[in-house]
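This briefing introduces a single protein chain to a reader who has not seen it before. Please look over the sequence and the structure before reading on.

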Amino acid sequence: MAIEAASSLHRPIKIWTDSLSSLMAILNPNSYHSMAREIQTLLLSYKHIHLRWLKAHVGYLGNECADQLAKEAITKGDPFFLNKPLSYLKSEIRSAALSIWQDNWDNGETDRSTHNMVPMVSNKPVGWNREELMSITGHGPFPSYLQSSNT
């Protein structure tokens, strides 16, 4: 980590990054991210080290070199780098979970009448009101439902 490498130098140090989101996480005193908390602790210990932001992809030679080194590390399979962005991995996990849920919904043995009306699963709200939900699921103050729950 750049902060640890610069900690032995006893002169003002500026560490530049093009990741504004990372800087915002580090500046957030309520951040729950362990790496952000670790960096906060280091910066409190080494007051001569300062983090700065610069705009990405505008031709800063040092930034372009850092981007190139990061890409090379990823292609060489460095264990400290993910081959895909975290957002991509989250999207893949979400997609796989929805696929499993859909498979279970399609091949289940209960609530077939509901399945006929709502064949596709989704994690997005549908905006149905209470009466619509009771009608579609058959769960509510209906004589047939009340009779089946009393037996």
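How many helices and strands are there in the chain? There are 8 helices and 2 strands, where helices (H or I, at least four residues) and strands (E, at least two) are DSSP runs numbered from the N terminus. This is a predicted model, in which local features need pLDDT of at least 70, side-chain atom pairs count only at pLDDT 80 or more, and totals for chains, interfaces and linings use all residues. Residues are numbered from 1 along each chain as its sequence is written, and side-chain values use heavy atoms, with hydrogens and water left out.

**Confidence**
- The chain has a mean pLDDT of 79 (pLDDT is the predictor's confidence in each residue, from 0 to 100), and 86% of its residues reach 70 or more.
- Helix α2 (residues 20-27) has the highest confidence, at a mean of 88, and helix α8 (residues 143-150) has the lowest, at 60.

**Overall layout**
- Read from the N terminus, the order of elements is α-β-α-α-β-α-α-α-α-α.
- The chain has 151 residues, and 18% of them count as buried (buried means under 20% relative accessible area, exposed over 50%, partly exposed in between, with a 1.4 Å probe and protein chains only).
- About 12,000 Å² of surface is accessible in the chain, and 60% of this belongs to carbon and sulfur atoms; accessible areas come from the Shrake-Rupley method with a 1.4 Å probe, and for residues only the protein chains shown count as cover.
- Of the contacts (heavy atoms within 4.5 Å) between residues at least 6 apart in sequence, 45% join residues at least 24 apart.

**The nonpolar core and strand β2**
- The largest nonpolar core has 10 residues: I3, A6, I13, I15, I26, A36, I39, L42, L43 and I49. Such a core is a set of buried Ala, Val, Leu, Ile, Met, Phe, Trp, Tyr and Cys residues joined through side-chain atoms within 4.5 Å.
- Helices α1 (2-6) and α3 (34-45) and strand β1 (13-17) each give two or more residues to this core, and α3 gives the largest share, 4 residues.
- Leaving aside residues up to four places away in sequence, I49 touches I3, A6, S7, I13, I15 and L43.
- H50 is in strand β2 and, with the same neighbours in sequence left out, touches I13, K14 and I15.
- H50 counts as partly exposed because its relative accessible area is 33%.
- The C-alpha atoms of H50 and I3 are 9.0 Å apart in space, while the two residues are 47 apart in sequence.

**A nonpolar patch on the surface**
- L20, M24, L27 and W53 make a nonpolar surface patch of about 440 Å². Patches are made of residues with over 30% relative accessible area and no salt bridge, with like charges joined within 9 Å and nonpolar side chains (Val, Leu, Ile, Met, Phe, Trp, Tyr) within 5 Å; a salt bridge is a side-chain nitrogen of Lys or Arg within 4 Å of a carboxyl oxygen of Asp or Glu.
- Helix α2 provides the largest share of the patch, 3 residues.
- W53 belongs to strand β2 (residues 49-53), and its relative accessibility of 40% makes W53 partly exposed.

**Residues further along the chain**
- M117 lies in helix α6 (residues 112-117) and is exposed, at 54% relative accessibility.
- S122 sits in the loop between α6 and α7 (130-137), and is partly exposed at 36% relative accessible area.
- S122 touches L98 and W101, residues up to four places away in sequence not being counted.
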